[in-house]
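Here are my notes on the model you sent over. I've kept them as numbered points so you can follow along in the viewer.

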Amino acid sequence: MPNFTLATTDDGSLSLHETSLNELYHNKAGAFTEAVTNYVQPTMQFLAIARDKNTSLNVLDSCFGLGYNSLALANEFASSAQFKLQVDAVELDDEVIAMVPQVLAQPCFAALPKQSLEQLNFNISVCDLRSFLLARDKDSKPYDVIFHDPFSPKKVPELWSVDLFQHYFDAMADNSVLLTYACAPAVRGALISLGFKVFRTTGLGRKNGGTIAVKTSSVSLAQDLLDAGTCIFAIEGEELRRLGKSSQVPFRDPNLCDDSATIIARREAEQQEFRRQSGLTK
Ligand SMILES: C[S@@+](CC[C@H](N)C(=O)[O-])C[C@H]1O[C@@H](n2cnc3c(N)ncnc32)[C@H](O)[C@@H]1O
């Protein structure tokens, strides 16, 4: 029996409700709208500044699910044909992948009529994300864009560790981006500690903006992205303050094999130590 039930989000697009974690697959405001707001628009802004058009773009879509994020990117390129897309998609549950034709049949994907994932240049790996990263050949073509979309850090910390992000960093090209809906200080703190330049993306529904993390050796790219100013913003105010507190202590999973309870307990111990050393109460 599948571990999900069907749901409809506020923009009319199809989603799923995960039964055991009791979590919606997408932002309630809209599965398609979320893909566009949190993933496609910031990627397009980044590409406009950082990349030459008419080149190929190697994308990793982690926790592919119904495929909204990279399908919405393909949908965008279908009308503008700016880049040749190659997508590696990683998803644990093949029953979810089986629903992708239903997703593609919706009006929001009208630019991709009757195309299969294969025809779209999507290569699907049905496996655990951590196993995929551990097994990945270090000489493979680096990624230009990574979409990271697991369930929330509180529910599956094993998919949000600094060690998993290190694998991403090592697998990414210079001038590349990682996008996620998450804004947790544990996630942003981990990305900053690895050398990513980290920014906020646009908020959606009642949620804060997500995160865009840029890997670049350029000294000016980060400022150029902020100056372009439509959907990539500096982290400021309370969000910035929390990055100086124990909430920024990352999840650690050194060999990408620990269970969530071990990872949470390790972080709590490190947070206590952080507070002790810095004389903070939080
Ligand atoms: C929030 S949903 C992703 C939504 C998706 N990006 C979409 O557009 O529909 C999280 C997905 O992660 C998958 N997943 C859960 N654990 C995983 C793991 N260890 N490795 C890979 N995928 C996993 C779930 O089956 C689910 O499809």
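1. Let's start with a strand pair towards the later part of the chain. Strand β9 connects to strand β11 (residues 232–233) through two bridges, and the two run antiparallel. One residue to click on is arginine 200, which sits opposite phenylalanine 233 in β11. Keep in mind throughout that this is a predicted model.

2. β9 has another partner as well. Four bridges tie β9 to strand β10 (residues 211–215), again antiparallel. Arginine 200 turns up here too, opposite threonine 211 in β10. How much of strand β9 (residues 197–201) is buried? Four of its five residues are, so β9 is largely enclosed by the rest of the structure.

3. Now the loop between β9 and β10, where you'll find leucine 204. Is leucine 204 buried or exposed? Leucine 204 has 20 other C-beta atoms within 10 Å, and the cut-off for buried is 20 or more, so it counts as buried. Beyond its neighbours within four places in sequence, leucine 204 is in contact with Asn27, Ala29, Thr33, Glu34, Thr37 and Asn38. Lysine 28 is 176 residues from leucine 204 along the chain, yet their C-alpha atoms are separated by 9.2 Å.

4. Helix α1 deserves a look for glutamine 41, which is found there. With 19 other C-beta atoms within 10 Å, glutamine 41 is partly exposed, because buried takes 20 or more. Leaving out residues up to four places away in sequence, glutamine 41 touches Val36 and Cys231. For a longer view, glutamine 41 and glutamate 238 are 197 residues apart in sequence and 25 Å apart in space, C-alpha to C-alpha.

5. On to the inside. The largest nonpolar core has 70 residues, and the ones that touch the most other members are Ala35, Tyr68, Ala72, Ile146, Val177 and Ala213. Which helix gives this core its largest share? That would be α1 (residues 31–50), with eight residues. As background, nonpolar side chains tend to be buried together in soluble globular proteins. Isoleucine 146 is worth displaying with its contacts: Leu60, Ser62, Tyr168, Met172 and Leu178, not counting residues up to four places away in sequence.

6. Tyr168 also appears among the buried residues of helix α6 (residues 162–171), together with Val162, Asp163, Leu164, Phe165 and Ala171. What do the buried residues of α6 pack against? Their packing partners are α5 (129–135), β7 (143–148), β8 (172–180) and α7 (185–193).

7. α7 itself has seven of its nine residues buried, so the helix is largely enclosed by the rest of the structure. Those residues are Pro185, Ala186, Val187, Arg188, Gly189, Ala190 and Leu191; note the arginine in that list. The cover over them includes α6, β8, β9, β10 and α9 (237–242). Just after α7, glycine 195 takes a positive phi of about 105 degrees.

8. The ligand has 18 residues around it, of which Cys63, Gly65, Leu66, Tyr68 and Leu129 come nearest. Tyr68 is thus a name you have met already, in the list of core residues that touch the most other members. By type, the shell around the ligand divides into eleven nonpolar, three polar and four charged residues. α2 (68–80) and β5 (84–91) each supply at least two residues of this shell.

9. There is also an open sheet of three strands, ordered β1-β2-β3 with antiparallel pairing. β1 (4–8) and β3 (23–24) are at the edges with a single partner strand each, so one side of each has no neighbour in the sheet. Strand β2 (residues 14–18) is joined to β3 by two bridges, and histidine 17 has leucine 24 as its bridge partner in β3.

10. Finally, the chain as a whole. Its secondary structure comes to ten helices and eleven strands. The radius of gyration is 18 Å, close to the 19 Å from the globule rule for 282 residues, so the chain is as compact as a globular protein of that length. Along the principal axes, the C-alpha atoms fill a box of roughly 60 × 50 × 40 Å. Buried residues make up 43% of the 282. Among contacts with a separation of 6 or more, 73% are between residues 24 or more positions apart.

Definitions and conventions: Residues numbered from 1 in each chain as written. Predicted model: local features only at pLDDT ≥ 70, side-chain atom pairs only at ≥ 80, totals over all residues. Near = placed C-beta within 6 Å. Nonpolar A, V, L, I, M, F, W, Y, C, P; charged D, E, K, R; others polar. Core = buried A, V, L, I, M, F, W, Y, C linked by C-beta atoms within 7 Å. Buried ≥ 20, exposed ≤ 12 C-beta atoms within 10 Å, placed from the backbone. Contact = placed C-beta atoms within 7 Å. Rg over C-alpha atoms; globule rule 2.2 N^0.38 Å. Pairing = 2+ DSSP bridges.
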